[in-house]
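Here is a short tour of one protein model, taken a piece at a time. Keep the picture beside you and look for each part as it comes up.

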Amino acid sequence: MKIFIAGFQHETNTFAPSKADWAAFQRGETFPPYRRGPAIIDAYAGQNIPIGGFIDAARERGWDLIASAWAGATPSAHVTEEAFERIAGAIVEDLSHALAQGGVDAVYLDLHGAAVAEHLEDPEGELLGRVRAIVGDALPIVGSLDLHGNITRRMLGEADALVAYRTYPHIDSADTGRLAAALLARRVARGSREPLHVQRLSFLLPLNVQSTMVEPAASVYQLLRDLDAKHGTVLSFATGFPAADIAECGPVVWGYGDDAEAAVST
C-alpha cells in the first residue's frame, strides 16, 4: 500500500498570552521543527513520537510511505490563522499531487486533538475534513491523538479510525502510532469502517488527576487494555484539555470493533 503521512501538533491554552505563529512551528522547540517531504521518514523513524511509531510499523508491513509536512509547536495560546493555513495548505497540496501522480491507498495524520486556531475552534477536524474532501469517502484515513485531546464529533466523523495515547506522562507516543497502523490494517482487511461507539462525559477533569502513574487513571487505562483483550476492540479515553475553552472541551471515550458498544458502555 501507498500511505500518505503528515502531522500537525499543538496543545492550545486559550487563556495563555502568546500565540503559536508560523515561526513557532519552524522552531519546534519542545517538538521537532517543521519539516516537509521525504526527509521526514528517516528523521522520525525510531523516534518516540506517533509518526515515528507509524513509520516503523509501516516499514515492517512493507507499506510505501509518501511524506508530506509535519509541524509541532510548544503549547501556547491560539495557533495563528497564517500558521494553520500554511501547514494545512502544504498537506493538501502534497496530497493532491500524490493522488495525481499515481495514487494513495490511505492517509495517516499525526494530530494532537486540543489545537485551537484564531479562526477555527476545531482545526484538526477542519484538516481531516479537507483531506476527506480530496480523497473521497472510500479511502481510509486514520490518525493518532494525544490523551489530552478534546475529541470533536467532526474528528471522529471524518476519520475512519482515531486512537489516543494511554499514558500521562506520555511514554507511549510511538506505540500509539503503531496502534494507528494496526487500525489501518484492520480497516483495509475489513473493506469498510469498523463500528464506532462514542460516549462523551459532561464534566471537565483537572490535569492533576489525569496522570496514569497513579489512581484513579491507572486503573481506568488498565481497564481499556482488559476490555480490548476481551472484546477485540481498540478503545481510547481522551481525558480532555480543560484549558482550551471551546464548545466540545471535555473527556471522550470511544472504540472500534464489532463489540465497541459493549466495551465502551462498560
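## A glycine in a helix

Let's begin with glycine 89, which has its place in helix α4. Please keep in mind that this is a predicted model. Is glycine 89 buried, partly exposed or exposed? Its relative accessibility is 30%, and because partly exposed residues lie between the 20% and 50% cut-offs, glycine 89 counts as partly exposed.

Now find lysine 230 as well. Glycine 89 and lysine 230 are separated by 141 residues in sequence, and their C-alpha atoms are 42 Å apart in space.

## The nonpolar cores

Helix α4 covers residues 81-100. With eight residues, α4 gives the most to the largest nonpolar core. That core has 70 residues, and the ones that touch the most other members are Ile5, Phe54, Val107 and Trp254.

Which residues does valine 107 touch, if we leave out those up to four places away in sequence? They are Phe4, Leu95, Val131, Val135, Leu139, Pro140, Ile141 and Val142. There is also a second, separate core of 12 residues, with Tyr221, Leu235, Val253 and Val264 among them.

## A mostly covered helix

Next, look for helix α3, made up of residues 50-61. How far apart should its ends be? At 1.5 Å a residue, the 12 residues of α3 should span 16 Å, and this agrees with the 17 Å between its end C-alpha atoms. Just after α3 comes glycine 62, which has a positive phi near 80°.

Nine of the 12 residues in α3 are buried, so this helix is mostly covered. The buried ones are Pro50, Ile51, Gly52, Gly53, Phe54, Ile55, Asp56, Ala57 and Ala58. Phe54 is a name you have already met in the largest nonpolar core. What covers the buried residues of α3? The cover includes the strands β1 (2-9), β3 (64-72), β4 (106-111) and β5 (141-145), along with the helices α2 (39-44) and α7 (173-190).

## A three-stranded sheet

Finally, turn to an open sheet of three strands, in the order β7-β9-β8, with antiparallel pairing. At its edges are β7 (196-200) and β8 (234-238), each of which pairs on one side only. From one strand to the next, the twist averages 10°.

How many bridges join β8 and β9? These strands pair in the antiparallel sense over five bridges, and β9 is made of residues 252-256. To see the pairing for yourself, find alanine 238, which stands opposite valine 252 in β9.

Terms used. Residues numbered from 1 in each chain as written. Predicted model: local features only at pLDDT ≥ 70, side-chain atom pairs only at ≥ 80, totals over all residues. Heavy atoms only, no water. Pairing = 2+ DSSP bridges. Helix = DSSP H or I, 4+ residues; strand = E, 2+ residues; numbered from the N terminus. Axes fitted to C-alpha atoms, helices over the stretch in contact; angles between N-to-C directions. Expected span 1.5 Å × (residues − 1). Buried < 20%, exposed > 50% of the residue type's maximum accessible area, 1.4 Å probe, protein only. Contact = heavy atoms within 4.5 Å. Core = buried A, V, L, I, M, F, W, Y, C linked by side-chain atoms within 4.5 Å.
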